[in-house]
Amino acid sequence: MMSNWPVTFVWPQLLWLLLALPLLVLLYVWLLRRRKQTALRYASLSIVREAMGKGAGWRRHVPPVLLLLAIATMLIASARPMATIVLPSNQQTIILAMDVSGSMRAEDVQPNRLVASQNAAKAFLAELPRHVKVGIVAFAGSAQVVQPVTLSREDLVAAIDKFQLQRATAIGSAIVVSLSELFPDQRINLGDMTYSRNTDPFAPKGRALDQPKPDGKTFTPVAPGSYSSAAIILLTDGQRTTGVDTAEAAKMAAERGVRVYTVGVGTVDGEIIGFEGWSMRVRLDEESLKDVARTTQAEYFYAGTAENLKKVYETLSSRLTVEKKETEISGLLALAASILALLSAGLSVLWFNRIL
């Protein structure tokens, strides 16, 4: 297959057939000259004009040119061209993993980070197509599913409105719990990810990643970003302070082909906040979030204000409802060739009462 072109071909060798087009042009020119020579045998000039056709002029060349274009288009279609085009996404499930740690009370995003994220998430839900299922994971010192995957926008909004602030930030755990919601048929053990060296939460404690599971199946990693049926949107304002290592969780998502779009809310410099009798400076760890997005073949978005956060969610809504995909377009070219051929024949009948 040819590469580094906007359009590639499955069978590029068939493009050599296009070399026949100049021969067809030469054949057409030869036929015109032959017809002219034949017409000159008539004695009467008026008879010659009648034979050549009155007022034909440039119009007599239009049907043959259209037919030539139809042939060229069919030859290109036979090489099975592939092009990257925008298509409706087959995304069926989205997990919103939202930070509810104490730092979300910071007011550098008005009215505060938590309220701004809640409002933006609800606006995002309103924009999504109704067939897309959504689940919500809330995380602070731990992560939990606060709303299982559902089509009910009312249930999702109710779950968002019930967020309560807690201590610590377990970003990696949020990714793991989100994956468990996307793959309910797989066994997950978040405790093993947190407290042991086991790197596969879908495996019982002590069993390596590549060992068979109890049902006899082995886990086979797939290409990052290849799982197009679901995605995770991770919103946080701080640094991981507990739970599963963020990079390890991102690697686990990548091996399952799940994209994790990360949204950083707040400021890099941070803000000093007080919470339950203690105070600290909370900063946005952009590099970790960028690494998560990069590892899973997704994108990182920075939202420093409430308005920016809404725009981020609008962008995500459009990104997740359409996708760029390399698709074979030979069918479209064949349709175009058919239209050109019919147009050629139609104009020939309309203008000259004959087909070419």
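This briefing walks through a few features of the structure above. The model is a predicted one. The protein has 356 residues, and 40% of them count as buried. Its chain forms eleven helices and eleven strands.

**The whole protein**
- About 19100 Å² of the protein is exposed, and carbon and sulfur atoms supply 57% of that area.
- Take the contacts in the protein with a separation of 6 or more: 75% of them come from residues 24 or more positions apart.

**A nonpolar patch on the surface**
- Five names to look for are Leu-24, Leu-27, Trp-30, Leu-31 and Ile-71, which make a nonpolar surface patch of about 440 Å².
- Helix H1 (residues 20-39) gives the most to this patch, with four residues.
- Ile-71 belongs to helix H3 (residues 62-78).
- With a relative accessible area of 32%, Ile-71 is partly exposed, because that label covers values between 20% and 50%.

**Helix H11**
- Does the length of helix H11 (residues 330-352) agree or disagree with what its residues should span? Its 23 residues should span 33 Å at 1.5 Å a residue, and the end C-alpha atoms are 32 Å apart, so the two agree.
- The buried residues of H11 are Ser-330, Ala-337, Ser-344, Leu-347, Ser-348 and Phe-352.
- A handy idea to keep in mind here is that an α-helix has 3.6 residues a turn, so residues three or four places apart point the same way.
- Right after H11 comes Asn-353, and its phi is positive, near 55 degrees.

**Aromatic pairs**
- How many aromatic pairs are there? The count comes to two.
- In one pair, the ring centres of Phe-124 and Tyr-313 are 5.3 Å apart and the planes lie at 50 degrees, so the pair is tilted.
- This pair links distant parts of the chain, with Phe-124 in helix H4 (residues 113-127) and Tyr-313 in helix H10 (residues 306-321), 189 residues apart.
- Both Phe-124 and Tyr-313 are buried.
- Phe-183 and Tyr-227 also form a tilted pair, at 5.3 Å centre to centre and 50 degrees between the planes.
- Phe-183 sits in the loop between H6 and helix H7 (190-195), while Tyr-227 sits in the loop between H7 and strand S6 (230-236), 44 residues apart.
- Phe-183 is buried, with a relative accessible area of 10%, whereas Tyr-227 is partly exposed at 29%.

**A valine in helix H6**
- You can find Val-177 in helix H6 (residues 171-182).
- Is Val-177 buried or exposed? Val-177 is buried, with a relative accessible area of 8%.
- Val-177 and Val-137 are 40 residues apart along the chain, and their C-alpha atoms are separated by 7.4 Å.

Definitions and conventions: Residues numbered from 1 in each chain as written. Predicted model: local features only at pLDDT ≥ 70, side-chain atom pairs only at ≥ 80, totals over all residues. Heavy atoms only, no water. Patch = residues over 30% accessible without salt bridge, like charges linked within 9 Å, V, L, I, M, F, W, Y side chains within 5 Å. Areas by Shrake-Rupley, 256 points an atom, 1.4 Å probe, with all protein chains shown as cover. Salt bridge = Lys/Arg side-chain N within 4 Å of Asp/Glu carboxyl O. Helix = DSSP H or I, 4+ residues; strand = E, 2+ residues; numbered from the N terminus. Buried < 20%, exposed > 50% of the residue type's maximum accessible area, 1.4 Å probe, protein only. Contact = heavy atoms within 4.5 Å. Expected span 1.5 Å × (residues − 1). Phe/Tyr/Trp six-rings, centres within 6.5 Å; stacked < 30°, edge-to-face > 60°.
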